[in-house]
Amino acid sequence: MATNPTTLAPRAAEASRHGLDSESLQRDVLENLVSLQARYPAIATPHDWYMALAYSVRDRLLVRWVETVQSYAARDVRIACYLSAEFLIGPQLGNNLVNLGIEADAREAMLALGQDLDAVMALEEEPGLGNGGLGRLAACYLDSLATLEMPAIGYGIRYEFGIFRQAIRDGWQVEETDKWLQKGNPWEIVRPEVAYYVNFGGHTHSETDAEGRFRVRWIAANQVKGVACDTPVQGYRVETCNTLRLWRSEAVESFDLADFNVGDYYGAVEQKVVSETLSKVLYPNDEPEMGKRLRLAQQYFFVSCSLQDMLRLLQQKGEPIERFADVFVAQLNDTHPSIAVAELMRLLLDECGLQWGQAWDITQRALAYTNHTLLPEALETWGLPLFRGLLPRPLEIIYEINRRFLDEVRQRHPGDESRVSRMSLIDESGDRRIRMAHLATVGSHAINGVAALHSTLLRETVLRDFAELWPERFHNVTNGVTPRRFLALCNPGLARLLDQTVGEGWIADLTRLRGLEAHADDEAFQQRWRAIKNANKEALAKHIHSATGVAVDPRALFDIQVKRIHEYKRQHLNALYIVALYQRLRREPQLALAPRCFVFGGKAAPGYAMAKLIIRLINGIAEVVNNDPAMEGRLKVVFFPNFNVKSAHHIYPAADLSEQISTAGKEASGTGNMKFMMNGVLTIGTLDGANVEIREEAGAENFFLFGLHAQDVERLQREGYRPADHVTANDELREALELIASGHFLRGQSDVFRPLVENLTQWDHFLALADYADYVACQARVDAAWQDPATWTRMSILNTARSGKFSSDRAIREYGDRIWGLAPMK
Ligand code: GPU
């Protein structure tokens, strides 16, 4: 039956407005239980109830979604496209309830059906389509774009297997596949009709077309089809519902048909399997790059599908190709999508028939690049043979971009060939490699870092020559996180107190939390503040117990470090301190130290041996400390397995102290630091990434600062750093290292942690030993502040009060103003 969409929309919209109450939800859940799950209440499993509720909520999003898409198609708007290989969106049900404003109604409806909403929400498998900070940032930005009602589409890859599940066996990390789609995904709408073909391999061929114009044809060795899988992204209490469009790879029918005709059935099926492999699994490496062919294929695949989709939408809007950059701006989330520079050029030249100059102008105006790391080992490069084999036509275009670009450099700096080779898109120093950060920079009208310090260092180091050439293109946009998920949803107790104290407006305007400052010294308010924290700690203690079997006392100081395991993040510095504490407490049982519970969480890249060893060390320390009767009531150590968005919901609100102890200059921004701060957690940290700005906002007196500055780190490393000197100068440190090397934390096996200890005493690339003494001194200040609850609580309140800057709404407004030329539509 053909339905007229213009008459459907208002009717459906009307219906939805009446659908936001508990009775209609209850009715729909029951109906969906039967019609979608084929169950009746008496035999429904908890998961059936989850699915029935999820579908009922999805229906309420769809009306807004359809209207939003329609309005973008009809109106003269610029659309921000966020291109990212990762979107770590987390569980959807709770977030959608909060953003629709129907959490209480859903709770009531489920209760009437005999179900507990929290228990039902806990059943949702989270889409782990990201590694850590970078992927979660993309998800926070989608939330803010929708909340600010800015036209936006998120484009990425619909991995069948997301980030691995981390299990801990005998103290070691074990990776298990993430089968997040096993029970179906109620939030996804697959659109088989929105599909594009992507070329791989083969060769190119130049010809002159009918109008006598020179044109290049890419004769591909094979093609893969990308199918759109959409997830609605509902803004907070607004009508806007944007789209996250993820591409799933499939075989191209015509290819297997051709094989069938010559009777090669197995060949045809193999082609299908190879095609589907493209979107099979997320690469689990955070930061260090690994140069795998399949990874490059994934990047090109999703970028090409996304740009083709944008071209189709442009056509649908009735706009000419010349208007591409007026209608779209694409933000490249690190270099993973940077092949967009070559692919957009290819589409404009080869498919649309534009001339180079015009195509280049459109490309530069349409693209912008965000850098997320300065670590040299994390900067993406691709070897030429691999690149040429997979993407011969894009490579030709990169050569031409480079030729024209280097001409410009030579004109500006005649005779400066060392500058030319430093800036080239191709690194010719060893085997020739394409520098993706250079490609992204040259092809973009705006380049930004993710915290003030990071953006400064980016201009001074990694992209120095480029910043000199085009200073006006360089920006800073300090990261932000969404207060909907990381405060309203995950800390309902605190959210209620905030509502009562500063009014509900804080959720969409986080700067209103400043209103809390007036209550920071109010004793009754402090008591309520502490009661909420204690309740959150009790809840986390239960989760810890069920995940690890360790019983922790909620009255202890919860000292938490959760993030990917990496040497630059220095979980081992924290571990060294715990070992020293342990030795101190054994020697001096009378020591008046406050009881502490150290909690760690985070995954190690499967191939990163040192990171896995750090996990083993933490678990070894935990086993010894937690089983030592002398440590009872004084010290506990927990490694919380499989840290992800879901467990993060329980962890951030329950922390007292947030560990942000990376080597200065190495952490681009950090975003966990912001999530802790919002939840009233005090930071112990270095002057790194966004810590600098967190301390500025909170006030130096409300932040525990220690460690070398970025310039000191740089100078030490340049002049020659000798970690052994710190060992000699510090008995406590030396003894801690000896105890670790002795095998004390691995049931006497003395060989296992040797590489870690040797690495530290000989190289210590991230200066953990250089910062050790200052870290320990700073921890003593933490202990003293904790022993005075009024002081601590005041600091905690002021941290929440001053966290407004770190809302992703602020960050997205800045992207809109400075980079996209796009304002909130409110
Ligand atoms: N980051 Br590059 C990742 O999570 N993965 C990456 O591959 C790269 C960077 C992180 C940064 O380490 C972190 O400091 C930052 O807050 C985050 O990106 C978002 O910008």
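Reader: In this predicted model, why is helix H12 called oblique to helix H13?

Author: The axes of H12 (residues 340–351) and H13 (residues 356–366) cross at roughly 140° and come within 9 Å. Angles over 145 degrees count as roughly antiparallel and those from 65 to 115 as roughly perpendicular. The crossing of roughly 140° falls in neither class, and H12 is therefore oblique to H13.

Reader: What is the handedness of the crossing of H12 and H13, left-handed or right-handed?

Author: H12 passes H13 in a right-handed crossing.

Reader: Which residues of H12 and H13 meet, and what is the division of that contact into nonpolar, polar and charged?

Author: From H12 come Val341, Leu344, Met345, Leu348 and Leu349, and from H13 Trp356, Ala359, Trp360, Ile362, Thr363 and Ala366. Of these residues 10 are nonpolar, 1 is polar and none is charged. Thr is not listed as nonpolar or charged and counts as polar.

Reader: What makes H21 roughly antiparallel to H22?

Author: Helix H21 (residues 492–502) packs against helix H22 (residues 523–548) at an angle of about 160°, and their axes are 9 Å apart. The cut-off for roughly antiparallel is an angle over 145 degrees, so H21 is roughly antiparallel to H22. Their crossing is right-handed.

Reader: Which residues make the contact of H21 and H22, and of what classes are they?

Author: H21 contributes Gly493, Leu494 and Leu497, while H22 contributes Arg528, Ile532, Ala535 and Asn536. The contact of H21 with H22 has 4 nonpolar, 2 polar and 1 charged residues.

Reader: Why is H7 described as roughly perpendicular to H34?

Author: Helix H7 (residues 133–147) and helix H34 (residues 808–820) pack at about 75°, with axes 9 Å apart. Roughly perpendicular covers 65 to 115 degrees, and therefore H7 is roughly perpendicular to H34. On H7 the contact involves Cys140, Tyr141, Asp143, Ser144, Leu145 and Thr147, and on H34 Ser808, Asp809 and Ile812. By class, 4 residues of this contact are nonpolar, 3 are polar and 2 are charged.

Reader: How do you know that the ligand lies between domain 2 and domain 3?

Author: Domain 2 (76–91 + 126–478 + 813–820) and domain 3 (501–806) both give residues to the shell around the ligand, so the ligand lies between them. The assignment also gives domain 1 (1–70 + 100–122). The centres of domain 1 and domain 3, taken over C-alpha atoms, are 42 Å apart.

Reader: Which residues come nearest to the ligand, and what classes make up the shell?

Author: Among the 19 residues around the ligand, Gly133, Leu134, His372, Thr373 and Ser669 come nearest. The shell has 5 nonpolar, 10 polar and 4 charged residues.

Definitions and conventions. Residues numbered from 1 in each chain as written. Predicted model: local features only at pLDDT ≥ 70, side-chain atom pairs only at ≥ 80, totals over all residues. Axes fitted to C-alpha atoms, helices over the stretch in contact; angles between N-to-C directions. Helix = DSSP H or I, 4+ residues; strand = E, 2+ residues; numbered from the N terminus. Parallel < 35°, antiparallel > 145°, perpendicular 65-115°, else oblique. Left-handed = near helix turned anticlockwise from the far one by under 90°. Contact = placed C-beta atoms within 7 Å. Near = placed C-beta within 6 Å. Domains from an automatic or database assignment.
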